[in-house]
Amino acid sequence: MKKMYLLDDAIISPLGFSVSDNLTAIRNKVSGLKFHENMRFGSGGFYAGIIEKEILNQPFSKIGTPENFTKLEKMMLLAVHEILSKNPDLDRSTTSLIISTTKGNIDLLQENKGFPEKRVYLAELGKVIKDFFRFKSEPILVSNACVSGGLAIAIAKRFISAGKFEQSIIVGGDLVSDFVASGFQSFQALSDSPCKPFSKNRNGISLGEAASALLVSSEKRINTNNISLIGDASSNDASHISAPSRTAVGLYKSIQNALKEAQITSEDIQYVSAHGTATVFNDEMEAIALNRAGLEAVPVNSFKGYYGHTLGASALLESILTKHSLLNNELYPSLNFDKIGVSKPLNLIKNFESIPLKYALKTASGFGGCNLAMVFKKEEDE
Amino acid sequence: MSEGYKISDFVRIRNQRIFHGNKQVFSSEKPTQGFLKESYKFLNISYPKFHKMDALCKLGILATEVLFKNREIPADTALVFSNSASSLESDKQHRILMEATVSPAVFVYTLPNIVLGEISIKYKLQSENAFFISNRFDARLLTDYSEILLDSLKASAVVCGWIEWKNAEYDVFLCLISKEGRLSFSEENLEELYHFENE
Amino acid sequence: MSDLRTELKQSIIEQLNLEEFEVEDIANDDALFGDGLGLDSIDALELIVLLEKDYGIKLTEPEQGKEIFISIDKMAEYIEAHRTK
């Protein structure tokens, strides 16, 4: 059974277009959530993490013609480009491409901006990315609600372990769209202020958009520390299609199975990167899952206070940040946390901390009752 | 490599007909919504939640009703589905309502994996889920991924296949994969079964 | 007054896709959630939309729904007291 290493990554987000810019912002508790005007909302607008079009077109124009690509495509293409420019010798004929998105170019349903109607199909988005970089094989496109970004990483590992391919570029992205905002609004699930994961006064999510890309391989890098995915598991709650299980059955099961595959116990986990969307129900469910798994004392954060909920990009983006946490031996603060607002104890990271780290757990959940847990390990260079 | 898994059973729903294996079990003259309602009645399904679902989820419930009938389905039976249109028909509905009054009951169906959730709830499957999007039926992807789940013991059985609702037309092909059965689980066999009745 | 209750039952059956129910099947004091009609959290959200769309009532707190949507009677009482349409 082959292992899988996380080699290189890229982040395109309101906090910056380089991983280092994003990490600097996070260390300094800078959030990408800003008030955006929108007449759908009684208050005149909503808080979200949105990338300004002009800021996107400028770097994109160095690699392609901005008018020929949709906003999401430009975000995702820039992310993949970043990986490829750092790995010029990567053989695109043997590198698989895995794409994660929940709604793709859904903004085209509202205003097609001169793009053909078929561009709204997710497979078309896949084709655009594949053709732009001349990947040989058909991309594997995962659309499984908000676990998609993490599931894509797990799927890569599953295929690599089985020897189906040796390396893969995983790219995930989603937009803040009126389509999604109006839907969450009807769910009464949007916060009226920047979201506050796990907090007493939390009252919903903030939406965000981002794209991120990750190069994974069965081969580790020499002369450096490496991060590998050593356990992954997914389990449906079988409870409700839009609310999480009250007993956290699916997430708890996923955590147990991921730990088992990793051949470690909850006592080995030193950091948990939670899903933490800041809805009343998700955070409560996650607190229950973590407690059931014996992880209540482990430092935990949510990145949603910095980015908002980036849907199909979220678990991929946050796994990348988890990787850097491990490599840098850093715990990043859970932004906007005030007082604990879940019924079970948790150890929320309130301030930046430097601490030796080896094992981390990433959790994610999504509509449709899906849940995912992944265990990452740092292997020190000998 | 593959440990001799079998296609234990399969179901096909297309052109107003339902096939269980190669045998036609139901046909109707009605267009989509009527067809779905009649199928529900014909299959004697007693599950009021059915009527709240969008067509994609109704198709999934009808198909698994046929596939799971008189079988014990292990709770770790993975669901590995795919299509090309995602949840586009429900997306279009939500898009129209956005101009008037948004309906939470419509919005909830604007993700393709909700059908996995509906099936999981009905049959209490706390299992691995994956929803893939591809232009055409990709037998290789489904075979490879299902085998990986079975080989790694993440699932003891898998339901894999294609479930499409696009431009008001539907095309469903789901297979139950396990160690039981006569037909070998392979990319070629899956491809052949999908195209049967598809000519 | 009984017209409103009938109207509500018809709206609920239609809006919430309660295909297997007729107006006669729903008693005015039947529990809407839990063991009665078995409505769930999405249905509750739909009822909030219905209140606003058909009767012009905007709930300031979605939790208010828990007291209002107990039964057809409770809903009718609330609507009679607060409707703006």
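Which residues does B:Ile133 touch, not counting residues up to four places away in sequence? In this predicted model, the residues touched by B:Ile133 are A:Leu122, A:Ala123, A:Leu141 and A:Ser143 of chain A, together with B:Ser82, B:Asn83, B:Ser84 and B:Ser86 of chain B. B:Ile133 is found in strand β5 of chain B, and it counts as buried because 25 other C-beta atoms lie within 10 Å of its own, where 20 or more are required. Along the sequence, B:Ile133 and B:Leu193 are separated by 60 residues, and in space their C-alpha atoms are 20 Å apart.

The strand that holds B:Ile133 also takes part in pairing between the chains. Strand β5(A) is joined by two bridges to strand β5 of chain B, residues 129–133, and the two strands run antiparallel. Within this pairing, A:Leu141 stands opposite B:Ile133 in β5(B), and A:Leu141 is also among the residues that B:Ile133 touches.

The wider interface between chains A and B involves 40 residues of chain A in contact with 38 residues of chain B. On the side of chain A that touches chain B, the elements that give two or more residues are α4 (122–133), β5 (140–142), α5 (148–161), α6 (178–186), β9 (226–234) and α7 (249–262) of chain A. Of these, α6(A) gives the most, with five residues. When this side of chain A is sorted by class, 21 residues are nonpolar, 15 are polar and four are charged. The interface of chain A with chain C comprises six residues of chain A in contact with six residues of chain C, and the side of chain A that touches chain C has two nonpolar and four polar residues, with no charged residues.

Within chain B, helix α5 (residues 114–123) is mostly covered, since seven of its 10 residues are buried by the criterion of 20 or more other C-beta atoms within 10 Å. The buried residues of α5(B) are B:Ile114, B:Val115, B:Leu116, B:Gly117, B:Glu118, B:Ile119 and B:Ser120. What covers them includes α2 (55–68), β4 (78–83), β5 and β6 (158–166) of chain B, and β5 of chain B is the strand in which B:Ile133 is found. The helix α5(B) is followed by B:Lys124, whose phi is positive, near 55°.

Positive phi values also occur in chain A. Most residues other than glycine have a negative phi. A:Lys113, although not a glycine, has a positive phi of about 50°, and A:Ala278, which is likewise not a glycine, has a positive phi of about 80°. A:Lys113 lies in the loop between β4 (95–100) and α4 of chain A, whereas A:Ala278 lies in the loop between β10 (271–273) and α8 (280–292) of chain A. The surroundings of these two residues contrast: A:Lys113 is exposed because 12 other C-beta atoms lie within 10 Å, and 12 or fewer qualify a residue as exposed, while A:Ala278 is buried because it has 28 other C-beta atoms within 10 Å, and 20 or more are required.

Chain A also contains an open sheet formed by three strands in the order β2-β3-β7, with mixed pairing. The edge strands of this sheet are β2 (34–37) and β7 (207–208) of chain A, each of which pairs on one side only. Strand β2(A) is joined by four bridges to strand β3 (residues 45–49) of chain A, and these two strands run antiparallel. In this pairing, A:Lys34 stands opposite A:Ala48 in β3(A).

Chain C is built from four helices and zero strands, and from the N terminus on its elements run α-α-α-α. For its 85 residues, a compact globule would have a radius of gyration near 12 Å, and the value for chain C is 12 Å, which agrees. Along its principal axes, the C-alpha trace of chain C spans about 30 × 25 × 20 Å. Buried residues make up 27% of the 85 residues in chain C. Among the contacts in chain C with a separation of 6 or more, 57% are accounted for by residues 24 or more positions apart.

Terms used
Residues numbered from 1 in each chain as written. Chains lettered and ligands numbered in written order. Predicted model: local features only at pLDDT ≥ 70, side-chain atom pairs only at ≥ 80, totals over all residues. Contact = placed C-beta atoms within 7 Å. Nonpolar A, V, L, I, M, F, W, Y, C, P; charged D, E, K, R; others polar. Pairing = 2+ DSSP bridges. Rg over C-alpha atoms; globule rule 2.2 N^0.38 Å.
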